[in-house]
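Student: I have a structure open and little idea how to read it. Can we go through it together, feature by feature?

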Amino acid sequence: MQDAVDHGSRAVERLQKHAVKLPFDLLEQIPQIREPVRGIRLIHDTTVSGVHGAIRLVNRAVGGTVDVVLFIAEQRRRPAESPEGEPQRTMVKKLSLLPSRSRKYPP
């Protein structure tokens, strides 16, 4: 899913920049407005790139968070065997050893 969002965002970014290329190119042919149009194109392209960069950044952050949550949920569902043969929660137990000011999950 993460790859689909990333690739989709890149494709939409390319399409959005391509869609305005012809109008900007035509407007730049008018000498009186050439420089302002170039500035507006730069602002447009920078904004489009920034928005899609933010989408991809949030996508990666959410994907990483989901991976951690699923890993912890799997560890809680299926405890590992300790060397003495007793079940224990590996990752959750390790996480509970980390210092925390206010822990809202069971150790």
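**Reading helices, burial and salt bridges**

Tutor: Start with a length check on helix α2. Its 44 residues, at 1.5 Å a residue, should span 64 Å, and the end C-alpha atoms do lie 64 Å apart, so the two values agree. Keep in mind that this is a predicted model.

Student: What does the same check give for α1?

Tutor: Agreement again. The 26 residues of α1 should span 38 Å at 1.5 Å each, and its end C-alpha atoms are 38 Å apart.

Student: Where does α1 have a kink?

Tutor: At Lys21, with a bend of about 35 degrees. The proline Pro23 follows shortly after.

Student: Now the overall plan. How many helices and strands are there?

Tutor: Three helices and two strands. Read them in order along the sequence and you get α-α-β-β-α.

Student: What share of the residues is buried?

Tutor: Of 107 residues, 16% count as buried. The cut-off is a relative accessible area under 20%. Over 50% is exposed, and in between is partly exposed.

Student: And the surface as a whole. How much of it belongs to carbon and sulfur atoms?

Tutor: They hold 65% of an accessible surface of about 8,400 Å².

Student: Which residues of α1 are buried?

Tutor: Asp6, Ser9, Glu13 and Phe24. Part of their cover comes from α2.

Student: Which residues are buried in α2?

Tutor: Val37, Arg41, Val48, His52, Arg56, Asn59, Gly63, Ile72 and Gln75.

Student: Let me try one residue. Is Asp6 buried or exposed?

Tutor: Asp6 has a relative accessible area of 16%, so it is buried. It sits in helix α1, which runs over residues 2-27.

Student: Which residues does Asp6 touch, beyond its neighbours within four places in sequence?

Tutor: Arg56, Asn59 and Arg60. Two names there should look familiar: Arg56 and Asn59 are among the buried residues of α2.

Student: What about contacts between distant parts of the sequence?

Tutor: Take the contacts with a separation of 6 or more. Residues 24 or more positions apart account for 43% of them.

Student: Can you show me a pair as an example?

Tutor: Try Leu26 and Val37. They are eleven residues apart in sequence, and their C-alpha atoms are 9.8 Å apart in space. Leu26 lies in helix α1. At 53% relative accessible area, Leu26 is exposed. Val37 is one of the buried residues of α2.

Student: Now charges. How many salt bridges does the structure hold?

Tutor: Ten. To read one inside a helix, recall a general idea. An α-helix has 3.6 residues a turn, so residues three or four places apart point the same way.

Student: Where does that apply here?

Tutor: Look at Asp25 and Lys21. Both lie in helix α1, four residues apart, or about one turn. They form a salt bridge, with the closest N and O atoms 2.7 Å apart. Asp25 is partly exposed at 24% relative accessible area. Lys21 is partly exposed too, at 42%.

Student: Which residues are linked with them in a network?

Tutor: The salt-bridge network joins Lys21, Asp25, Glu28, Glu35, Arg38 and Arg41.

Student: Is there a similar case in α2?

Tutor: Yes, Glu74 and Arg77. They are three residues apart in helix α2, so about one helical turn separates them. Their salt bridge has its closest N and O atoms 3.0 Å apart. Glu74 is partly exposed, at 24%. Arg77 is exposed, at 61%.

Student: Which other residue forms a salt bridge with Glu74?

Tutor: Arg78, with the closest N and O atoms 2.5 Å apart. Arg78 has 55% relative accessibility, so it counts as exposed.

Student: Last one. Which residues form a nonpolar patch on the surface?

Tutor: Met1, Val5, Val51 and Ile55, with about 390 Å² of accessible area together. Take Val51 from that group. It is found in helix α2, residues 34-77. Its relative accessibility is 43%, so it counts as partly exposed.

How values were computed:
Residues numbered from 1 in each chain as written. Predicted model: local features only at pLDDT ≥ 70, side-chain atom pairs only at ≥ 80, totals over all residues. Heavy atoms only, no water. Patch = residues over 30% accessible without salt bridge, like charges linked within 9 Å, V, L, I, M, F, W, Y side chains within 5 Å. Areas by Shrake-Rupley, 256 points an atom, 1.4 Å probe, with all protein chains shown as cover. Salt bridge = Lys/Arg side-chain N within 4 Å of Asp/Glu carboxyl O. Buried < 20%, exposed > 50% of the residue type's maximum accessible area, 1.4 Å probe, protein only. Contact = heavy atoms within 4.5 Å. Expected span 1.5 Å × (residues − 1). Bend = angle between axes of the 7 residues up to and from the residue.
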